[in-house]
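Let us take a walk through this structure together, one stop at a time. Have the sequence and the 3D view at hand as you read.

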Amino acid sequence: MELLKLFIRAAFVDNMVFTFFFGMCSYLAVSKTVKTAFGLGLAVIFVLVVTVPVNYLLENYILKDGALAWLGDEYADVDLSFLSFIMFIAVIASIVQLVEMLVEKFSPALYGALGIFLPLIAVNCAILGGSLFMQQKNFPSIGHATVYGFGSGFGWFIAIVLLAAIREKIKYSHVPAPLRGVGMAFILTGLMGLAFLGFLGFNI
Amino acid sequence: MSETKEPLFSKKNKKLISDPLNLNNPVTIQVLGICSALAVTVQMDNAIVMSIAVLFVLVMGNLIVSLMRNLIPSKIKIIVQLVIVAALVIIVDQVLKAFVYDVSKSLSVFVGLIITNCIIMGRLEAFALGNKPWASILDGVGNGLGYGLILVVVAFFKELFGSGKLLGFEIFGNSVEQTGLYAIGYEDNGLMLLPPSSLILVALYIWIQKKRTPSLIDDH
């Protein structure tokens with residue numbers, strides 16, 4: 001039950017796109033058609049589910065203040081947390097590479113769908129953002145971290161598919177010329193963000 | 001190396017700085033680095049500190065990558081760039097924590113997210129990898145200023161209309177004691193403090209900018 005609450009909170013209330021603007025660059029660039037948006041959304045879920053738990057282990061067993069205590073008493077007061085940015089991004093970049101190779105080997109169909117998006121994801125702020133928030137939230141177990149990763153990925157997925165659907169339709173409307181393209185996408189995201197603010201009232 | 005000596009601020013070099021401010025603005029035209037541009041703009045001081053941080057990382061990153069451009073094997077260039085940027089961001093983070101702790105607290109994860117700011121990766125990839133150090137520094141300054149410009153403009157309107165203040169000074173009077181404009185019934189627009197309003201402000205900026213320079217309009 002607690003995990004379900006965490007999922008809903010991560011996906012809707014603290015939506016990555018509308019509340020924190022994470023991953024906006026690819027969000028705006030890849031949302032022109034529903035099909036590609038769907039592919040990128042899936043890839044983001046996938047990578048978040050893998051990287052957040054891995055970084056959780058890294059944070060709790062290596063980086064955090066006193067995390068090295070399992071090595072012996074003389075390491076108990078080592079605090080490596082200033083290294084977390086560089087470690088997280090290295091983990092993310094290498095996992096993305098690894099995932100890309102694995103997917104290519106075992107599921108060529110999925111690779112065809114996700115392939116071009118996977119390298120892009122290493123520099124998507126939603127991924128690093130997921131890990132940094134995980135670090136701030138101090139989850140009690142790796143299960144919580146995984147659910148959090150899945151929830152935030154799912155929220156991002158919903159957001160990009162919704163925007164792509166609207167942008168496909170809006171091509172046929174009369175948008176003022178200077179606003180065409182990016183400008184309109186900004187306004188749409190703003191309005192969708194206002195709608196998503198309704199979830200703030202959820203007391204979970 | 002048969003270069004003709006060109007002055008430090010030749011026409012071409014000046015263009016490197018002025019272009020990103022308007023015609024090729026990294027935020028509104030190239031649509032890069034939006035995440036942080038929108039999220040840290042509730043108050044002017046956050047926006048200014050963030051712009052300086054990005055400017056620093058961009059200039060230093062451009063310089064370092066440009067100096068190393070012939071040494072980096074192209075297969076691992078993304079990882080090398082990420083490591084350089086991450087190291088610079090760690091410096092920025094530690095400095096912010098040491099000197100402006102409050103701002104660093106309210107910027108929270110967004111300092112770390114400078115690593116994945118697309119402007120930085122974009123400029124390293126598109127410019128610094130193929131140009132000389134001095135030009136790369138100028139390019140970094142230009143794009144950093146272009147980014148900062150949007151941040152400060154958005155933060156100006158958000159803080160002014162959202163809480164009636166600029167950099168913490170009360171412009172419209174005190175809303176609790178009902179002085180100044182508040183005495184005659186003016187109220188702050190709470191919507192301005194919420195995240196979606198920065199999206200709409202940037203959209204309005206794009207609208208005005210493209211209206212003034214029609215060559216920027218894209219037709220699709």
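**A walk from pocket to cavities**

A good place to begin is the second largest pocket, where chain A and chain B both take part: α5 (84–106) and α8 (125–137) of chain A, along with α4 (77–99), α5 (101–107) and α6 (109–112) of chain B, each give at least two residues to its lining. The lining counts 17 residues, and those nearest the centre of the pocket are A:Gln135, A:Gln136, B:Asp93, B:Lys97 and B:Ser108. By class, the lining of this pocket holds six nonpolar, eight polar and three charged residues. The space inside the second largest pocket is about 460 Å³.

Before going further, please keep in mind that this is a predicted model. Chain A has a mean pLDDT of 82, with 96% of its residues at 70 or more. Within chain A, confidence is highest in helix α9 (residues 142–170), at a mean of 90, and lowest in helix α7 (residues 117–121), at 70. As a rule, where pLDDT is low, the predicted coordinates should not be read in detail.

Now look at how the two chains meet. The contact involves 41 residues of chain A and 42 residues of chain B. About 3600 Å² of area is buried between chain A and chain B, and carbon and sulfur atoms give 84% of that area. How many salt bridges are there between chain A and chain B? The count is zero.

Over all chains, however, the whole structure has four salt bridges. One of them pairs A:Lys137 with A:Asp14, whose closest N and O atoms are 3.8 Å apart. A:Lys137 sits in helix α8 of chain A, while A:Asp14 is in the loop between α1 (2–13) and α2 (16–20) of chain A, so this pair ties together parts that lie 123 residues apart in sequence.

The same two residues turn up again at the second largest cavity, which is lined by A:Ala10, A:Asp14, A:Met16, A:Phe20, A:Lys137, A:Tyr148 and A:Ser152. Helices α2 and α9 of chain A are the elements that give two or more residues to this lining. It divides into four nonpolar, one polar and two charged residues, around a space of about 40 Å³.

Our last stop is the largest cavity, with about 50 Å³ of space. A:Cys125 lines it together with residues of chain B, among them B:Gly33, B:Met50, B:Phe110 and B:Asn117. The lining of the largest cavity has six nonpolar, four polar and no charged residues.

Technical notes. Residues numbered from 1 in each chain as written. Chains lettered and ligands numbered in written order. Predicted model: local features only at pLDDT ≥ 70, side-chain atom pairs only at ≥ 80, totals over all residues. Heavy atoms only, no water. pLDDT = per-residue confidence, 0-100. Helix = DSSP H or I, 4+ residues; strand = E, 2+ residues; numbered from the N terminus. 1 Å grid on protein atoms, 1.4 Å probe; cavity = no way out; pocket = protein on both sides within 12 Å on 5 of 7 lines; lining within 4 Å. Points joined across faces, edges and corners; volume = space filled by probe spheres on them. Nonpolar A, V, L, I, M, F, W, Y, C, P; charged D, E, K, R; others polar. Contact = heavy atoms within 4.5 Å. Buried area = accessible area lost by both parts, 1.4 Å probe. Salt bridge = Lys/Arg side-chain N within 4 Å of Asp/Glu carboxyl O.
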